[in-house]
Amino acid sequence: MSAERPRLNETLGRKRQAFRHWRGQRPFWGGLLTLLAGIPIMYIPYANLTIGSLTVRMATTAGAGSLIIGVLLVVLGLTMWFQPVSRVFAGVAAILLALVSLVVSNFGAFLIGFLLGLIGGALGVSWAPGKAVRSEDEPGEGGHVVGPVVATHPAPAAGGPGLGNGLDDLSGTSPTNGRNGRHRAG
């Protein structure tokens, strides 16, 4: 074994760390459960159960609807993975499709797909990206602001209203003119 070639454990460790980082940047478990919800909803309405010489079909009149719902749930699970910005839309759509599958696809493929879709959609909606934790030993800028900046005590507008500094928007709702949304009659 040469010194240039990394060990198998080191390579697997780096790939595992890269996967953990990728997984932490998106609603991974919500996407996985939503993806898994589509499989029984797609499969069970087209399945044949054979007991001896007796064949039982699970088909419903809305077999195509079951297939469409299952495919959409798989696509929404993949959307949660690869487009985490649209996680709220994908989660709400997954919840709605899981509810529709109760009626269309054998009680949501015997409640398995329904429950997986409901939980996966809820995880997708409720997931929020984490904030990076910085230790105190790390050098960096102090007072780094993350998120929207809200002025608690805005400076008064100099020179009159409508200067374009955002503190007075001429609607009567600015805290600098003291009206706070109450207009004078007259």
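Angles over 145 degrees between the N-to-C directions of two helices count as roughly antiparallel, and this cut-off is applied below to the helix pairs of the structure, which is a predicted model. Helix 3 and helix 4 pack at an angle of about 160 degrees, with their axes 10 Å apart, and the two helices are therefore roughly antiparallel to each other. The crossing that helix 3 and helix 4 make is left-handed. On the side of helix 3, the contact is made by Gly65, Ser66, Ile69, Leu72, Leu73, Leu76, Thr79 and Met80, while the residues that helix 4 contributes include Phe89, Ala90, Ala93, Ala94 and Leu97.

A second helix pair involves helix 2 and helix 3, whose axes come within 7 Å and cross at roughly 165 degrees. Because this angle is over 145 degrees, helix 2 is roughly antiparallel to helix 3. Helix 2 passes helix 3 in a left-handed crossing, and the contact involves residues of helix 2 such as Phe28, Thr34, Ala37 and Ile41, together with residues of helix 3 that include Ile69, Leu73, Leu76 and Met80.

The largest nonpolar core consists of twelve residues, namely Ala37, Ile41, Ile44, Ile69, Leu73, Leu76, Met80, Ala90, Ala93, Ala94, Leu97 and Ala109. The elements that give two or more residues to this core are helix 2, which spans residues 28–43, helix 3, which spans residues 63–82, and helix 4, which spans residues 87–104. Among the members of the core is Leu76, and when residues up to four places away in sequence are not counted, Leu76 touches Thr34, Phe89, Ala90, Ala93, Ala94 and Leu97.

One of the residues touched by Leu76 is Ala93, which is placed in helix 4. The relative accessibility of Ala93 is 16%, and because buried means under 20%, Ala93 counts as buried. Although Ala93 and Leu72 are 21 residues apart along the chain, their C-alpha atoms are separated by 9.0 Å, and both residues take part in the contact between helix 3 and helix 4.

Apart from the helices, two strands can be described. Strand 1, formed by residues 48–51, and strand 2, formed by residues 54–57, pair in the antiparallel sense over four bridges, and within this pairing Leu49 stands opposite Val56 of strand 2. The two strands form a hairpin with two residues between them, and in the turn Gly52 has a positive phi of about 65 degrees.

Notes:
Residues are numbered from 1 along each chain as its sequence is written. This is a predicted model: local features need pLDDT of at least 70, side-chain atom pairs count only at pLDDT 80 or more; totals for chains, interfaces and linings use all residues. Side-chain values use heavy atoms; hydrogens and water are left out. A nonpolar core is a set of buried Ala, Val, Leu, Ile, Met, Phe, Trp, Tyr and Cys residues joined through side-chain atoms within 4.5 Å. Buried means under 20% relative accessible area, exposed over 50%, partly exposed in between (1.4 Å probe, protein chains only). Contact means heavy atoms within 4.5 Å. Two strands pair if DSSP finds at least two bridges between them. Axes are lines fitted to C-alpha atoms, for helices over the stretch in contact, and angles run from 0 to 180 degrees between N-to-C directions. Angles under 35 degrees count as roughly parallel, over 145 as roughly antiparallel, 65 to 115 as roughly perpendicular and the rest as oblique. A crossing is left-handed if the near helix is turned anticlockwise from the far one by less than a right angle, and right-handed if clockwise.
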